[in-house]
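Visitor: Could you walk me through this model and show me how each label is earned?
Guide: Gladly; let's look at it together and take the labels one at a time.

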Amino acid sequence: MTLVTLIDAELAYGLHPLLDRANLAIQEGERIGLIGRNGTGKSSLLRILAGLTGLDDGDMQRADGLRCSVVEQEPELPAAGTLRESLTLRGDFEALHDDRERWRLETRLNEYLHRFDLDPAKPVNGASGGESKRAALALAFAQQPDLLLLDEPTNHLDIDGITLLEDLLRAGPAAVVITHDRAFLDRVATRIVELDRGLLRSFPGNYSAYEERKAGQLAAEAVANRKFDKFWAQEEVWIRRGVEARRTRNEGRVQRLEQLRRDRAARRERIGNVRLAIDAGERSGKLVAELENVAKSFGDRAIVEGLSLRIMRGDRFGFIGANGAGKSTLIRLILGELAPDSGTVRLGSNIQVAYFDQLREQLDPEKTLADTISPGSDWVEIAGQRKHVTSYLADFLFPQQRANAPVKMLSGGERNRLLLARLFARPANVLVLDEPTNDLDIESLELLESTLQEYPGTLLLVSHDRQFLDNVVTQTLACEGDGRWREYVGGYTDWLEQRPKPAAARSPDREPAREAPASASVPAAAPARVKMSFKETRELEQLPAQIEALEREQHELVARMAEPDYHRRDPAAVRADADRAAAIDVALSAAFDRWAVLDAKSNQARG
């Protein structure tokens with residue numbers, strides 16, 4: 001079943017159209033990764049699909065009764081006392097006239113708030129960016145839409161939150177997701193749709209499959225453009241002969257040349273790449289920082305406990321931990337900006353630090369781009385070479401006419417690029433990057449990767465982008481709870497393989513169901529009176545096999561739904577798979593609840 005269809009869609013802001021007779025069909029059950037350069041119009045397209053923005057021309061067809069849920073890049077939660085109350089307003093629960101349906105929606109919302117590790121009673125005005133994003137995602141899933149529209153959903157999420165989102169999407173409804181997270185796209189997407197120069201190009205499969213096909217497409221486009229330009233140049237030479245052209249009176253050839261000129265003028269070249277170069281300045285000493293048995297707490301909460309660490313020149317450290325684990329605090333301890341409660345921190349010689357702030361607080365919104373890069377001067381000096389500030393800004397895809405525009409006029413991705421430009425305009429032998437990949441398009445992100453790989457200085461990187469960590473860092477410092485940090489060799493994948501395995505690998509979503517009955521059984525006064533019936537005993541014996549069968553079916557179903565050509569299957573079969581996936585979730589939850597109750601009763605009977 002087709003959910004949404006765009007036919008010859010047109011939308012324009014400014015000089016170039018964002019959509020130029022674009023076509024797209026979204027099928028039930030498929031998960032589309034929407035990619036493209038910053039500023040190409042991906043967020044605008046998402047708003048069109050949601051019915052929040054109209055087209056300038058063309059047609060959009062939506063299935064009857066289609067239910068969409070949208071999570072914006074920076075979701076705004078309505079003012080209210082608590083997160084639950086705010087989400088109730090955002091979801092317009094009062095518009096539901098059916099009390100039973102409203103109760104079900106509130107129950108599902110509580111469930112997803114728990115899954116995203118959120119306290120429903122938390123004051124909404126104290127929610128961080130990550131908590132706001134998780135709350136908006138919880139509401140979107142609780143609404144059980146036919147189509148999920150997510151704009152950069154992994155921004156502000158930690159790695160556990162990202163993997164949870166992946167699992168929910170793989171078992172959930174159809175979705176269109178804007179993201180730069182390549183590992184996320186590889187695990188979730190069944191189709192990649194690229195918005196490029198006003199057109200929507202579709203590539204079946206995940207991001208890795210897209211990369212292979214895209215390379216061939218770009219090569220073919222380059223060859224076609226070269227042939228076109230050569231033929232056009234030959235025709236221009238012919239028309240300039242003048243007398244010969246008039247003598248032959250080849251009006252058809254003249255008209256063809258006029259069409260060639262129009263086609264060449266209309267051809268939109270691909271956006272250029274950011275040009276990055278980092279001035280590492282003077283070399284630091286061989287030792288950058290050394291920590292001996294360092295501890296730091298805030299109140300009763302330990303951020304760092306007994307950490308000993310040595311960072312040498314050229315090391316590239318990645319910091320892994322949940323939101324609020326203290327990654328930024330630890331970096332401040334390492335750089336000597338924050339004194340430890342106990343232990344010692346020793347800094348090496350000739351340290352020059354440049355800091356990339358994930359909240360972009362270093363940017364003054366009232367300053368111009370040029371003043372932000374080079375205050376009071378028209379020149380910047382990179383690795384001993386002077387460069388005009390407008391030329392330097394052009395390296396980061398800012399045209400000359402925008403050099404005097406205020407920072408407040410920039411989008412999130414443009415602010416990220418400006419902060420990178422400001423960062424790299426100063427010599428630094430220690431780079432601290434706190435979530436530098438947020439809002440960057442994939443091409444810029446990959447260029448940043450390659451630049452950092454060649455950077456001769458020392459790098460301290462906080463990121464939840466797993467592939468970025470794998471491609472950049474040489475060591476990983478991971479938070480293991482209660483202020484304990486441990487160093488591992490390699491990036492994210494290496495950390496996964498080396499980290500200690502938990503004693504019991506249980507899904508966090510199922511732990512409360514298993515533990516609650518056990519805690520409820522503690523105050524039982526006379527366990528000897530509890531008896532298991534024959535039927536209950538048999539049921540308890542059979543439940544593990546039933547749970548295993550359900551989990552096996554769930555695994556096979558998810559694997560089938562993740563196949564590259566899954567979206568081409570019969571719509572009825574896709575809908576049946578989605579319904580079965582939802583039924584399995586319900587059945588598993590009920591089975592675990594029942595197993596917990598019977599297991600607790602069996603323990604009491606034996607006790």
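Guide: Let's begin with a cut-off: buried means under 20% relative accessible area, exposed means over 50%, and partly exposed is what falls in between. Keep in mind that this is a predicted model.

Visitor: Why is Glu446 called partly exposed?
Guide: Its relative accessibility is 27%, and partly exposed covers the range between under 20% and over 50%. Glu446 therefore counts as partly exposed.

Visitor: And what makes Arg182 buried?
Guide: The relative accessible area of Arg182 is 1%, and the cut-off for buried is under 20%, so Arg182 is buried.

Visitor: How do you know that Arg182 and Glu446 form a salt bridge?
Guide: A salt bridge needs a side-chain nitrogen of Lys or Arg within 4 Å of a carboxyl oxygen of Asp or Glu. Here the N to O distance is 3.9 Å, and the pair qualifies. Arg182 sits in helix α6 (residues 182-188) and Glu446 in helix α14, so this pair ties together parts that are 264 residues apart in sequence.

Visitor: How do you know that the length of helix α14 agrees with its residue count?
Guide: Helix α14 (residues 442-454) has 13 residues, which at 1.5 Å a residue should span 18 Å; the end C-alpha atoms are 19 Å apart, which agrees. Among the buried residues of α14 are Ile442, Leu445, Leu448 and Leu452.

Visitor: What makes Glu10 and Arg21 a salt bridge?
Guide: Their side chains meet at 3.7 Å, N to O, and the limit is within 4 Å. Glu10 belongs to strand β1 (residues 2-12) and Arg21 to strand β2 (residues 17-27), so the bridge ties together parts that are 11 residues apart in sequence. Glu10, at 24% relative accessibility, counts as partly exposed, and Arg21 is also partly exposed, at 47%.

Visitor: What makes Arg90 and Glu72 a salt bridge?
Guide: The closest N and O atoms of Arg90 and Glu72 are 2.9 Å apart, again to be set against the limit of within 4 Å. By this rule the count comes to 25 salt bridges. Elsewhere, Glu166, Asp167, Asp181, Arg187 and Arg466 are linked in a network of salt bridges.

Visitor: Why is Arg134 said to have no salt bridge?
Guide: The nearest side chain of opposite charge, Glu131, is 4.4 Å away, and a salt bridge must be within 4 Å. Arg134, placed in helix α4 (residues 129-142), is buried all the same. A polar atom of the Arg134 side chain does lie 3.4 Å from the backbone oxygen of Asp117. Arg134 also touches Phe116, Leu118 and Leu157, among others.

Visitor: Why is Thr474 called partly exposed?
Guide: Thr474 has 32% relative accessibility, so it counts as partly exposed. Thr474 is in the loop between α15 (466-472) and β19 (475-479).

Visitor: What makes Thr474 and Gln475 a polar contact?
Guide: Their side chains are joined at 2.4 Å, and the limit is within 3.5 Å; residues adjacent in sequence count only if both atoms are side-chain atoms. Thr474 also touches Asp315, Arg316, Val489 and Gly490.

Visitor: And how much of the whole protein is buried?
Guide: Buried residues make up 44% of the 607 residues. The secondary structure comes to 19 helices and 20 strands.

Technical notes:
Residues are numbered from 1 along each chain as its sequence is written. This is a predicted model: local features need pLDDT of at least 70, side-chain atom pairs count only at pLDDT 80 or more; totals for chains, interfaces and linings use all residues. Side-chain values use heavy atoms; hydrogens and water are left out. Helices (H or I, at least four residues) and strands (E, at least two) are DSSP runs, numbered from the N terminus. Buried means under 20% relative accessible area, exposed over 50%, partly exposed in between (1.4 Å probe, protein chains only). Lys and Arg count as positive and Asp and Glu as negative; His and the chain ends are not counted. A polar contact is a pair of N or O atoms within 3.5 Å; within protein, one must be able to donate a hydrogen and the other to accept it, and residues adjacent in sequence count only if both atoms are side-chain atoms. Contact means heavy atoms within 4.5 Å. The expected span of a helix is 1.5 Å times one less than its number of residues. Lists of a residue's contacts leave out its neighbours within four places in sequence.
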